Amino acid sequence: MGRRGYAWAVAAGLNAALAAISAKFFSSQILKYAMVVFCNVTMWGCYVNSLKALSSLQATVTNFATNFISSGLAGYFLFEEPLPSKWFVGATFIIIGVFILSISSTETKLSSD
């Protein structure tokens, strides 16, 4: 059940990043707003599904980390934005933090059962 929750949280983060990307990518205002709304509605649906399987902390942090990393990489590859070494250090700390919070939250849940 937990893996499915993480998949939903990652999907939520990717959709949040897609909303930001579509706001920059499309020139047509109607298409831009339609894509932003569509991606955000999809993101919220995925996020709610992740909350059904994970704690709110796990779902939120995983969503945020996925959004942060995918937005940064999309900026680099699609819009040729620079990614300084500090960004990679920060992204690494975020990923480590997600794992630590995931493990500690799982251990706390198991010990309380």
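These legends go with a set of close-up views of a predicted model.

**View 1. The whole chain is built from helices, four of them, with zero strands.** Reading from the N terminus, the order of elements is simply α-α-α-α. The C-alpha trace stretches over about 55 × 35 × 15 Å along its principal axes. Out of 113 residues, 31% come out as buried. If you look at contacts between residues at least 6 apart in sequence, 68% of them link residues at least 24 apart.

**View 2. Helix α1 comes with its buried residues picked out.** The set is Gly5, Ala9, Ala12, Gly13, Asn15, Ala16, Ala17, Ala19, Ile21 and Ser22. What do these buried residues pack against? Their partners are α2 and α3. As for length, α1 has 24 residues, so at 1.5 Å a residue a span of 34 Å is expected, and the end C-alpha atoms do sit 34 Å apart.

**View 3. Asparagine 15 is the centre of this one, a residue of helix α1.** Is asparagine 15 buried or exposed? Its relative accessibility is 13%, and the cut-off for buried is under 20%, so asparagine 15 counts as buried. Leaving aside residues up to four places away in sequence, asparagine 15 touches Cys39, Thr42, Met43 and Cys46.

**View 4. Here is the largest nonpolar core, made of eight residues.** Its members are Ala9, Ala12, Ala16, Met43, Cys46, Tyr47, Leu54 and Ala59. Two elements, α1 (2-25) and α2 (29-53), each supply two or more residues to this core. Zoom in on alanine 16, one of the core members. With residues up to four places away in sequence set aside, alanine 16 touches Met43 and Asn67.

**View 5. Now α1 and α3 cross, at roughly 35 degrees.** Two numbers matter for a picture like this: packed helices are described by the angle between their axes and the distance between the axes. The axes of α1 and α3 come within 7 Å, and the crossing is right-handed. On the α1 side, the contact uses Tyr6, Ala9, Val10, Ala12, Gly13, Leu14, Ala16, Ala17, Ile21, Lys24 and Phe25. Facing them from α3 are Gln58, Ala59, Thr62, Asn63, Thr66, Asn67, Ser70, Ser71, Ala74, Leu78 and Phe79. Which classes of residue make up the contact of α1 with α3? The tally is 13 nonpolar, eight polar and one charged.

**View 6. Helix α3 gets its own frame, covering residues 56-79.** Buried in α3 are Gln58, Ala59, Thr62, Asn63, Ala65, Thr66, Ile69, Ser70, Gly72, Ala74 and Gly75. The spacing is worth a glance, because an α-helix has 3.6 residues a turn and residues three or four places apart point the same way. The length check works here too: 24 residues at 1.5 Å a residue should span 34 Å, and the end C-alpha atoms are 33 Å apart, so the two agree.

**View 7. Just past the end of α3 sits glutamate 80.** This residue lies in the loop between α3 and α4 (85-112). Its phi is positive, about 55 degrees, although glutamate 80 is not a glycine. Is glutamate 80 buried or exposed? With a relative accessible area of 72%, and exposed meaning over 50%, glutamate 80 is exposed.

Technical notes
Residues numbered from 1 in each chain as written. Predicted model: local features only at pLDDT ≥ 70, side-chain atom pairs only at ≥ 80, totals over all residues. Heavy atoms only, no water. Core = buried A, V, L, I, M, F, W, Y, C linked by side-chain atoms within 4.5 Å. Buried < 20%, exposed > 50% of the residue type's maximum accessible area, 1.4 Å probe, protein only. Helix = DSSP H or I, 4+ residues; strand = E, 2+ residues; numbered from the N terminus. Contact = heavy atoms within 4.5 Å. Expected span 1.5 Å × (residues − 1). Axes fitted to C-alpha atoms, helices over the stretch in contact; angles between N-to-C directions. Left-handed = near helix turned anticlockwise from the far one by under 90°. Nonpolar A, V, L, I, M, F, W, Y, C, P; charged D, E, K, R; others polar.
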